[in-house]
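Let's take a friendly walk through this model, one element at a time. Have the structure open as you read.

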Amino acid sequence: MRPSPRPIICYRPLRPSDLEILEKIHGDLFPIRYESEFFKNVVNGCDIVSWAAVDRSQPSDQGDELVGFVTARVVLAKESEIGDMLSYDSSRSDQTLVYILTLGVVETYRNLGIASSLIREVIKYASSIPTCRAAYLHVISYNNPAIRLYSKMSFKCVRRLQGFYLINGQHYDSYLFIYYVNGCRPPCSPLELVTAVLRYMRNAFKSMSARLRRNEDRKVLKWAKCREARSLISTNQSRRNMAAECTGCECV
């Protein structure tokens, strides 16, 4: 499938008519084989949300053919593997996450921003759920284009999982990426905690030093005023004494 010189890419949910081409694209793109039940759940929206990228500049008989997709599932935060990566209220049982299952774009349609647009749809969806705290996913360690893409889109690589994938009898590591939404953030690491304490102590010391300087300045100013007043009193007294002495001389 080749894009027209000016493809018109539109986005919509995956639907039953996409089933055959969806399975084919998965088979072409991914080393992992998925059960047919997975694809049926995707196109029928059974506990899985999805977005399809279609090129509507194609001839009428191919005008809505699939060129890219992303699939995701909403999961409970307390049942996920990234609970320790979230700063959330564990007493609330309704906290959720969006787990990105698969993302793919037909090779001839790459470098057109389709994958980025599909990811943005997931982020927008996760952000629209008040209880959602993050979107996350796994990337096989050798998939450098995907790693660069998620890093560029502000996903945080928080963990490397040894031997996460088993493909054709061989184990491969996985990177865990997280995108926080709705004000959620990662919990403080020991280093961040120490840094925060040191920053607080430094600011407190600066504040105390500034207060001491102000107190010293007030003392110096007060001392200067007292000295000026004593000097003025002494000068006036001297003038009165001199006047008295002069008057006495005149009398004599």
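**From the sheet to a helix**

A good place to start is a single pair of residues: Leu161 has Ser174, in strand E7, as its bridge partner. This pair belongs to a wider pattern, since eight bridges join E6 to E7 (residues 170–180), and the two strands run antiparallel. Keep in mind throughout that you are looking at a predicted model.

Now zoom out to the whole sheet. It is open and made of seven strands, in the order E1-E2-E3-E4-E5-E7-E6, with mixed pairing. Strand E1 (9–12) and strand E6 (156–167) each have a single partner strand and stand at the edges, so one side of each lacks a neighbour in the sheet. On average, neighbouring strands are turned by 25° against each other, with direction ignored.

Helix H1 (residues 19–29) packs on this sheet, where it touches strand E3 (66–76) and strand E4 (96–105). The direction of H1 makes about 90° with that of E3.

Next, turn to helix H4 (residues 144–152). Which of its residues are buried? They are Ala146, Ile147, Leu149 and Tyr150. These four lie on the same side of H4 because they cover an arc of only 160° around the axis. On the face turned away from that buried side you will find the exposed residues Pro145, Arg148 and Lys152.

And what do the buried residues of H4 pack against? Their partners are E4, helix H3 (114–128), strand E5 (132–140) and E7. Just after H4, Ser154 takes a positive phi of about 75°.

Notes. Residues numbered from 1 in each chain as written. Predicted model: local features only at pLDDT ≥ 70, side-chain atom pairs only at ≥ 80, totals over all residues. Heavy atoms only, no water. Pairing = 2+ DSSP bridges. Axes fitted to C-alpha atoms, helices over the stretch in contact; angles between N-to-C directions. Contact = heavy atoms within 4.5 Å. Buried < 20%, exposed > 50% of the residue type's maximum accessible area, 1.4 Å probe, protein only. Arc of directions from axis to C-beta.
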